[in-house]
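Subject: Handing over a structure, with notes on what was found

Dear colleague,

I am passing the structure below on to you, and I would be grateful if you kept it open while you read the notes that follow it.

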Amino acid sequence: MPLQTKANIADPDGFYQELIDSQRDLRDGEAELMNCKLVLILANHIGDRDVLREAIKCAGGAQAAGALRGNR
Amino acid sequence: MLKTYEYPKFAYRQSDEQRTGKPRRHQAVVIGAGPIGLTAALDFARHGIETVVIDDSDTVSIGSRAVCYAKRPLEVWDRLGCGDRLVAKGVSWKAGKVFFRDRLSYQFDLLPEAGHKMPAMINLQQYYLEQYLIDEIARRDGVELRWKHKLLSLKQADDHAVLTVETPDGVFTMEADWVIACDGANSDTRRMVDAKFTGQFFQDRFLIADIVMKAEFPAERWFWFDPPFHRNQSALLHKQADDVWRLDFQLGWDADPEAEKMPEKIIPRVRAMLGDDREFELEWASIYQFACRRVDNFRYGRVLFAGDAAHQVSPFGARGANTGVSDIDNLAWKLKLVMDGDAPLALIDSYNEERAFAADDNLLNSTRSTDFITPKRPASRRFRDAVLELAEDNAFARPLVNSGRLSTPTPYLHSSLNTPDEAAFKGKMAPGTNCDDAPVSSDGRRGWFLNTIGDGFVVLTFGGAPAQREISFGNIKARVTVVGRDLIDAEGVLAERYDAQPGTTYLIRPDQHVAARWREFDPAKIQKALARAVAA
């Protein structure tokens, strides 16, 4: 399954508020750590390496050397 | 001088060829009497290759250095006659704990399967390993160890190399059909042939301290990320023989290596780690930094590289010495067949093909561990810390924790020496893979599969009663071993690991790797695969 790039979240304003509110009481460093955990949790949920690779690219990340070498 | 070990001093002797000034042509000259050079000498002796080892020192490894030895190299040393002694002296272990700050993040078990002669991993000071290898060499013919011999220069001819060597008696010349450079990460031999040695250098420093203490800690690998006693850095604790414990502290790039080596700097670090009440004595300490790189070709004319001289990895995962032993395991039989004219020179080039592939796999693993343990920028560090925090309660995050992926052999799955499968097989014994051990019996005695196959070509076939006792190609003979006749697989472990059905047949190389496998015993196919396995 390719990366879902069409709108897929019900109640987008509600979700966005929930995301922002979740970090309201956090200091910057804590919020950054939480973002990292969120990425890892969601990445594990997706699991599919092709979808994850596409998402990393979509987010503006460099093509990883690991992607070129494959999942050896 | 250590408290638990006295370094032997090996006598320097002037060789006849130096005394007479008449160079001798040796079949093999090994440069460096470290774990890899000594393993080469032993394996060459097994194969009947006349060998001289030269080393510029006159003792064993100063300091415990490599410490961790994995199952496959233990199997190789067992083939060479000293596996039992190493295991008896070493500390076998299989469990590890990973701590993040003041909490246990998770623990792992190397989950060694039952039914292997050798344990998953032992810890043993490198000087014991070298001493035992030297003891074993003394019991063999055809190997000469020459101490206080330093290689000054090397010149290549078409079919041999000329070595200029310095001893306490001056400079002399020797010749070698083949030179095996096992002279470590700073290999002089590599410079002499102008080989490229490229890769990634890491800007970090680590302190290793060996201490002697009586402690009830279990024989486990304990690894800390950012512990309270050593903030923002990593630390490691490992048990060795003789109540010696290896401590490893990451120091960062700005640390002053000379100052950090002093007991007055080390002892407070150890006290912070173990508590003020713990009695210990400092045994040995060293500061290291590392790189991940490899030589561009394992063969330069008549010079072959092995061990750290060929590839340098980070220490995380115990991949240095372990993979070096596999280099020799791969090389020795090939060299013998080519020396005897039984296989073409191309077989030697398959050494580069297979071991460069393994080195790249090790480098990849080692670099990945290093990136996890020493994140290069704040953003990577946040991801690292996120993984460690999640790992405590979330099983999914634990496989992402990388405190070193412990050394396992790299199968040569794409090697040109393999004959591809025609039939479907389950399990992991694909062509190019090192053979799994299993309990078997032969001649009424219980023993181990790897001990029974030894170090020649073997055709292993399950059931049936083939008329042939061997399959040959030219002068190369593969002994036919029938499971059920020549060896008994009473527990069925061998059959399970090799996915055997009646008629299933394997061709096994002298380094105990699978070359080919079939569902039937077909002498013509076996002979063809044998030819292919020697690059003919």
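A convenient place to begin is a single pair of residues in chain B, since B:R293 has B:Q312 as its bridge partner in β21(B). Please keep in mind throughout that this is a predicted model.

That pair belongs to the link between strand β18 (residues 291–295) of chain B and β21(B), which run antiparallel and are joined by two bridges. Both strands are part of an open sheet of three strands in chain B, with the order β12-β18-β21 and antiparallel pairing. The edges of this sheet are held by β12 (197–201) and β21 (311–312) of chain B, each of which pairs on one side only. Helix α10(B) packs on the sheet, where it touches β12, β18 and β21 of chain B, and its direction makes about 170° with that of β18(B).

The helix that packs on this sheet, α10 (residues 346–373) of chain B, also packs against α9(B), at an angle of about 170° and with the two axes 9 Å apart. That angle makes α9(B) roughly antiparallel to α10(B). On the α9(B) side the residues in contact include B:T323, B:D327, B:N330 and B:L331, while those on the α10(B) side include B:L347, B:Y351, B:E354 and B:R355. Sorted by class, this contact of α9(B) with α10(B) has nine nonpolar, five polar and four charged residues.

Helix α9(B) comes up again in the arrangement of the domains. The domain assignment of chain B gives domain 1, made up of 16–91 + 122–199 + 293–367, and domain 2, which covers 439–533. The C-alpha centres of these two domains of chain B are 30 Å apart, and eight residues of domain 1 of chain B are in contact with seven residues of domain 2 of chain B. On the side of domain 1 of chain B that touches domain 2 of chain B, α3 (71–79) and α9 (320–339) of chain B each supply at least two residues, and α9(B) gives the most, with four residues. By class, the residues on that side of domain 1 of chain B are two nonpolar, one polar and five charged.

Chain B also has a run of strands joined by hairpins. Strand β9 (residues 150–156) of chain B and strand β10 (residues 161–167) of chain B pair in the antiparallel sense over six bridges, and a hairpin of four residues joins β9(B) to β10(B). Strand β10(B) is in turn joined by seven bridges to strand β11 (residues 170–181) of chain B, again running antiparallel, and these two form a hairpin with two residues between them. You can follow the pairing through B:T164, which stands opposite B:S153 and has B:T173 as its bridge partner in β11(B).

Another open sheet of chain B has seven strands in the order β6-β5-β14-β15-β16-β13-β17, with mixed pairing. At its edges stand β6 (103–109) and β17 (281–288) of chain B, each with a single partner strand, so one side of each is left without a neighbour in the sheet. From one strand to the next the twist averages 15°. Within this sheet, strand β15 (residues 234–239) of chain B and strand β16 (residues 244–250) of chain B run antiparallel and are joined by five bridges, with B:H238 opposite B:R246 in β16(B). Helix α11 (residues 378–391) of chain B lies across β5 (95–100), β6 and β14 (220–225) of chain B, running at about 80° to β6(B).

Helix α11(B) leads on to the other chain, where six residues of chain A are in contact with nine residues of chain B. The residues on the chain A side divide into three nonpolar, one polar and two charged. Helix α2 (residues 28–46) of chain A and α11(B) have axes that come within 8 Å and cross at roughly 65°, and the two helices are therefore roughly perpendicular to each other. The crossing in which α2(A) passes α11(B) is right-handed. Among the residues that meet there are A:L33, A:C36 and A:L40 in α2(A), and B:F383, B:A386 and B:L390 in α11(B). The residues of this contact of α2(A) with α11(B) divide into seven nonpolar, no polar and five charged.

With best wishes

Key: Residues numbered from 1 in each chain as written. Chains lettered and ligands numbered in written order. Predicted model: local features only at pLDDT ≥ 70, side-chain atom pairs only at ≥ 80, totals over all residues. Contact = placed C-beta atoms within 7 Å. Nonpolar A, V, L, I, M, F, W, Y, C, P; charged D, E, K, R; others polar. Pairing = 2+ DSSP bridges. Axes fitted to C-alpha atoms, helices over the stretch in contact; angles between N-to-C directions. Parallel < 35°, antiparallel > 145°, perpendicular 65-115°, else oblique. Left-handed = near helix turned anticlockwise from the far one by under 90°. Domains from an automatic or database assignment.
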